[in-house]
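Here's a walk through one fold, with an eye on its pocket, its packing and a few residues worth a closer look. Have the viewer open as you read.

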Amino acid sequence: MAGQAREGVPLLVLVPGTNMNAAVSLEAVAVLATTGAVAVLDVPGQPGLSAGHRPHRARLPWYGHWLSQALEQVATGPAIVVGHSLGAAIALAAHSPHITGRLLLSPGGVTRLAVPASVLRATLPWVLRSAEHRSRRLLREMSAPGHAVPEQLVEWMTLVGRSCRSTLAPSPLPSHVLRRARPVPCVVAVGSHDVFLPSAPLGRATRRLLGTEAHVLDGAGHLVLDDAPHRVGALAARLRTKD
């Protein structure tokens, strides 16, 4: 938990994406915490301090149930879930009375993620034999052009590659799950250089399925929490104010 709990201000609950966790999200957490309390949940089956168990079937329903249960433990009132990539899909799959808003960053679960050939060329060597130069190359594919990849993230991804088996991208959620999530206020944001989720098709999908426009963050890639933490913080603050 970070930041000061304030009366009437919803708790922000950050759910990181694949291979990420609280420890590598501290810069973004510090920005989010300027307007109130923030809780970060390490996702089970992902590298971090959560459980090592990874669901093999019905992955997103399982994770949605997990998040709903976790909110019972960390939230005493309203909560806004900030989900990145896999974390966004989990946020959409969760059905909890605590959730009064969602901020979905480079969201999985809405439409199928693209995997360009350049990403595959960077991923396969990293999977086969992780090393810092291979981690840096992969992270550059996921970041905006010219953005400096944080060295601590390079070190982390090298450790992940050596010690863990990465999961696949989340599949689109069933339409009835997205319909259930639609009444809750939702903000979607994607980087203008996101290799997995080009902004135009994602925007069409969010309008059709969630009834909202996608904010395009210029100069950001898929790793929007690292590429544009202050713009993410501004979107979270606006959603908090509307709640």
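A pocket here is an open set of grid points with protein on both sides within 12 Å along at least five of seven lines, and a lining residue has an atom within 4 Å of a point. Keep in mind that this is a predicted model.

**The pocket**

With that in hand, the largest pocket holds about 700 Å³ of space. Its lining is made up of 27 residues, and S166, T167, L168, A169 and F196 are the ones nearest the centre. Two elements, α4 and α5, each give two or more residues to that lining. The top contributor is α4, with 6 residues. What is the chemical make-up of the lining? By class, it has 16 nonpolar, 10 polar and 1 charged residues.

**The cores**

Now for the packing. The largest nonpolar core counts 57 residues, and W66, L67, I90, L92, L104, L139 and L210 have the most contacts inside it. Helix α3 (residues 86-93) supplies the largest share of this core, 7 residues. A separate core of 22 residues lies apart from it, with V38, A220, V224 and A236 among its members.

L139 is a handy one to click on. Setting aside neighbours within four places in sequence, L139 touches V149, L153, V154, M157 and L223.

**Helix α6**

Three of those partners, L153, V154 and M157, turn up again in α6, where they are buried along with W156, T158, V160 and G161. Which elements do the buried residues of α6 pack against? They pack against α4 (117-128), α5 (132-142) and α9 (224-227).

You can also do a quick sanity check on the geometry of this helix. α6 covers residues 151-163, so its 13 residues should span 18 Å at 1.5 Å a residue, and its end C-alpha atoms are indeed 18 Å apart.

**Four residues to look up**

Two loop residues have backbone angles worth a glance. N19 has a phi near 70 degrees, which is positive even though N19 is something other than glycine. You'll find N19 in the loop between β1 (11-15) and α1 (26-32). S106, also not a glycine, has a positive phi of about 45 degrees. S106 sits in the loop between β4 (99-105) and α4.

Are N19 and S106 buried or exposed? N19 is buried, because its relative accessible area is 5%, and the cut-off for buried is under 20%. S106 is buried as well, with a value of 0%.

For contrast, try H56, in the loop between β2 (38-40) and α2 (59-74). H56 counts as exposed because its relative accessible area of 70% clears the cut-off of over 50%. A117, in helix α4, has a value of 46% and is therefore partly exposed.

| Residue | Relative accessible area | State |
|---|---|---|
| N19 | 5% | buried |
| S106 | 0% | buried |
| H56 | 70% | exposed |
| A117 | 46% | partly exposed |

A couple of distances help with orientation. H56 and L139 are 83 residues apart along the chain, and their C-alpha atoms are separated by 26 Å. For A117 and L32, 85 residues apart along the chain, the C-alpha separation is 34 Å.

How values were computed: Residues numbered from 1 in each chain as written. Predicted model: local features only at pLDDT ≥ 70, side-chain atom pairs only at ≥ 80, totals over all residues. Heavy atoms only, no water. Helix = DSSP H or I, 4+ residues; strand = E, 2+ residues; numbered from the N terminus. Expected span 1.5 Å × (residues − 1). Buried < 20%, exposed > 50% of the residue type's maximum accessible area, 1.4 Å probe, protein only. Contact = heavy atoms within 4.5 Å. Core = buried A, V, L, I, M, F, W, Y, C linked by side-chain atoms within 4.5 Å. 1 Å grid on protein atoms, 1.4 Å probe; cavity = no way out; pocket = protein on both sides within 12 Å on 5 of 7 lines; lining within 4 Å. Points joined across faces, edges and corners; volume = space filled by probe spheres on them. Nonpolar A, V, L, I, M, F, W, Y, C, P; charged D, E, K, R; others polar.
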